[in-house]
Amino acid sequence: MTDDPLFDGGEDAELDRLSALLSPLKTEAPPPPLPSQAPLWRSPVFQALAAALVVAVGAVVISAGSDDEEGGLVLVAPGGDEGATGAAVVAEDEGSRGLTADGVRALEDDADAAAGTSAESGDGADAGPDGVLDEFGNDRNSGDAPFELPGRPIRSWDRSSGDGARQITESLEGNAHYPQISPSGKGIAFEVNYPAERRTELWAGGLVDDQLTNPQLLLHDLQGTGFGVGKRITHMFGWAPEESEYGFAYTVNNADGQQQIYIDGWPDLLADGVNKEPTWDPTSPRFVFTSNRTGNGDLYLWDDGAELQLTFDETHAELYPSWAPAGDKVTFVRAGKGESQVMVLDINLYRSRMLVNFPSHDATRPSFSPNGDKVAFLSNKGQDSVMKFGLWVVDAKPGSTPRQIADRVKIPSKGSARWTPDGRGVIAVIDDPDLGDPIAIVPIDGSGPRTLDTGTVKNRDPFLHVDGDRWLLAFTSQGPEARDERTWYSLYLYEIPH
Amino acid sequence: MVKDRAQSRETSVADLVSAATGGDRDAFGVLHRRFRGMVHATVLVRLGPGEAEDAMQEAFVAAWLRLGELREPEAFGRWIQAIARRKATDRLRRRRATVPLPDSLPSTGAPVDLAPEAREVLAAIARLPSHLSEPLAMRLIEGMTGPEIATATGLTHGSVRVTLHRAMKQLRADLEVSDD
């Protein structure tokens, strides 16, 4: 007998009985017949090394053609050419990233192609004709019909004038929250909260010429459940990356009080425990989510049906995950014992390291900068109330010293702060009722917030979508200053001049 | 070149991958023996026994074809496990496209000589979340110990130990409910 026969493999009557029962299933298969391997010079490693070598000597950039192309080596411009140098640097960076799960995905796809199986795989490639409904993947759900026509229509309504923000929803009896524009820019999802009824709805619609089109209420599996509208609450929406076979994911509150995650394009709910915050890797069709299935809040990775536990902290809850743009790291919050810390998890090594710890204070809602070298977060350190937060930024390396860049900002209803694509600033709502809680770009150099002229007050939840040079901001607001008696929050769009 | 089994047991995964990348089929054969249990368990809990070995071999062939692109040879286990999951997913999709998905995946295509109780246990394992079912199948079906599972998957010993116990606890609960 050993102390732990399940782990050590020692004798145990129950385990031995089960193993014997299942023993016919054990594989003894010999290695399969192996075809010829691809030539080594076609491998990304070889190409990256070659590119790096060329950069080092400042000569030429080498790229290898495929078998279908003319093949061989292609000579590009010498290192003095700006474009060629840029290409080589990219290759070098990719070569130095090591084996990321995204890299695994690429390898698998390549392997599939080589094995001739990719044409048979996937059920989500039939995007159908152009149109906003493609964003919602109605035809891609193999099981139930999760979408219903809205019982409470939200009409497209453009009341914009001048240079300010454009209202794209008519305010009804609820507050719009947490808008998210799809990676393609063709769709937008948002929540509507009805305080009097204590319920939340999740809506998604098209975004055409900066107008909301064909909004749909996302109701999950209402038919046949015996529950009415709103009993199965959907919220915590996240768009999958563009060109993914999955459309999005969101959390479903079921009748038993459990929270499950619905994935567009996947037939099964994630239903083990309370599951929240599906947060997609921007580079790969997989997402991190939080779950209490192991008795405490931990982070998990959903990767094409596989659910992998990423954190194993028995004493803290892991919350608010946010991906690095390269898809190799996740920053998150470790909460417990009256305080919370900002952590960084290497997604390939399962290794978490603390980035920010303010004893007796909260550090929360972290997000990576566009190049991944910094993390912005909120903290109540130095505030006169634990409910008030300043905006901070820190280098994404343990041991770095955080800097506060804005005194007081509004905490988003969900999600994390958004960076400008140039990495020079963070978009936040300034917590200043006298100024109407304006949205501002907060430069990380400490030069102070630059207020955006949205023409609205009581703003919340700014979400930045970048389309080339266009910075399109979606946010919620109680409206223009002239109508600040309005109660309900509506959805607005604003193009940030830069 | 890898000469024999006695020697191969001492050869590191990185060395085997390096040799196999250079075309050494014997080295890849050693990798196959070392990792086939892990890969088979990974696809078995998704597909059931009818397709599991085919999916496993597909994963190894795909890995063989792209070994040169594996940037961290010591990560071979996690890499081929990810490929195996993908292969299983592809097969599930093809299956869904042709026939309705059964409630209990392992019941389809199970060998005739598998005892009814074994089918029930396998179905219960397959009903666990994959992060629990995979290591439990490695332990109960492939006969791998916790340290062997950790080595193959790249997880820590502590993670594997905790995961195995959680999986076993849920399996017992599931089987007790079934008995009721």
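Which residues have the most contacts inside the largest nonpolar core? I will start there. This is a predicted model, and the core in question has 90 residues. Those with the most contacts inside it are Y250(A), A376(A), L391(A), V426(A) and A428(A). The strand that gives the most to this core is β22 of chain A, residues 389-395, with 5 residues.

Take V426(A) as an example. Leaving out residues up to four places away in sequence, V426(A) touches A376(A), L391(A), V393(A), A417(A), W419(A), V442(A) and I444(A). Apart from this core lies another, of 64 residues, and I80(B), L132(B), M138(B) and I141(B) are among them.

Now the two chains. Chain A has 498 residues, of which 43% are buried. Its elements are 5 helices and 30 strands. Chain B has 180 residues, and there the buried part is 57%. Chain B holds 9 helices and 0 strands, so its pattern along the sequence is simply one α after another, α-α-α-α-α-α-α-α-α. Consider contacts with a separation of 6 or more in sequence. In chain A, 41% of them join residues 24 or more positions apart. For chain B the corresponding figure is 65%.

Next, one helix of chain B. Helix α6 of chain B covers residues 116-127. How far apart should the ends of its 12 residues be, at 1.5 Å a residue? The expected span is 16 Å, and the end C-alpha atoms are 17 Å apart, which agrees. The buried residues of α6(B) are A118(B), V121(B), L122(B), A123(B), A124(B) and I125(B). As background, an α-helix has 3.6 residues a turn, so residues three or four places apart point the same way. You can look along the helix in the structure above with that in mind.

Back to chain A, and to its sheets. One open sheet has 4 strands in the order β12-β13-β14-β15, with antiparallel pairing. The edge strands are β12 and β15 of chain A, each pairing on one side only. From one strand to the next, the twist averages 25°.

Start at the β12 edge. Strand β12 of chain A runs over residues 275-280, and 6 of its 6 residues are buried. A hairpin of 5 residues joins β12(A) to β13(A). These two strands are antiparallel and share 4 bridges. Within that pair, K276(A) has T290(A) as its bridge partner. At the other edge, β14(A), residues 298-303, pairs with β15(A) in the antiparallel sense, again over 4 bridges. There D303(A) stands opposite A306(A). In general, the side chains of a regular strand alternate between the two faces of the sheet.

A second open sheet in chain A also has 4 strands, in the order β4-β30-β29-β28, and its pairing is antiparallel. Which strands stand at its edges? They are β4, residues 166-167, and β28, residues 456-467; each has a single partner strand, so one side of each is left without a neighbour in the sheet. The partner of β28(A) is β29(A), residues 470-480, and the two are antiparallel over 9 bridges. In this pair, V466(A) is bridged to W471(A).

Two residues have backbone angles worth a look. Most residues other than glycine have a negative phi. M236(A) is not a glycine, yet its phi is positive, about 55°. D437(A), also a residue other than glycine, has a positive phi near 50°.

Where do these two sit? M236(A) is in strand β9 of chain A, residues 234-239. D437(A) is in the loop between β25 and β26 of chain A. Is M236(A) buried or exposed? The cut-off for buried is 20 or more other C-beta atoms within 10 Å. M236(A) has 25, so M236(A) counts as buried. D437(A) has 19 within 10 Å and is therefore partly exposed.

Last, confidence. Chain A averages a pLDDT of 73, and 69% of its residues score at least 70. Over residues 40-47 of chain A the pLDDT is below 50, and this stretch has 15 contacts in the model beyond near neighbours in sequence. Residues 221-231 of chain A also stay under 50, with 15 contacts beyond four places in sequence. When you look at chain A, check these two stretches against their scores.

Key: Residues are numbered from 1 along each chain as its sequence is written. Chains are lettered from A and ligands numbered from 1 in the order in which they are written. This is a predicted model: local features need pLDDT of at least 70, side-chain atom pairs count only at pLDDT 80 or more; totals for chains, interfaces and linings use all residues. The expected span of a helix is 1.5 Å times one less than its number of residues. A residue is buried if 20 or more other C-beta atoms lie within 10 Å of its own, exposed if 12 or fewer, and partly exposed in between; C-beta atoms are placed from the backbone. Two residues are in contact if their C-beta atoms, placed from the backbone, lie within 7 Å. Two strands pair if DSSP finds at least two bridges between them. A nonpolar core is a set of buried Ala, Val, Leu, Ile, Met, Phe, Trp, Tyr and Cys residues joined through C-beta atoms within 7 Å. Axes are lines fitted to C-alpha atoms, for helices over the stretch in contact, and angles run from 0 to 180 degrees between N-to-C directions. pLDDT is the predictor's confidence in each residue, from 0 to 100.
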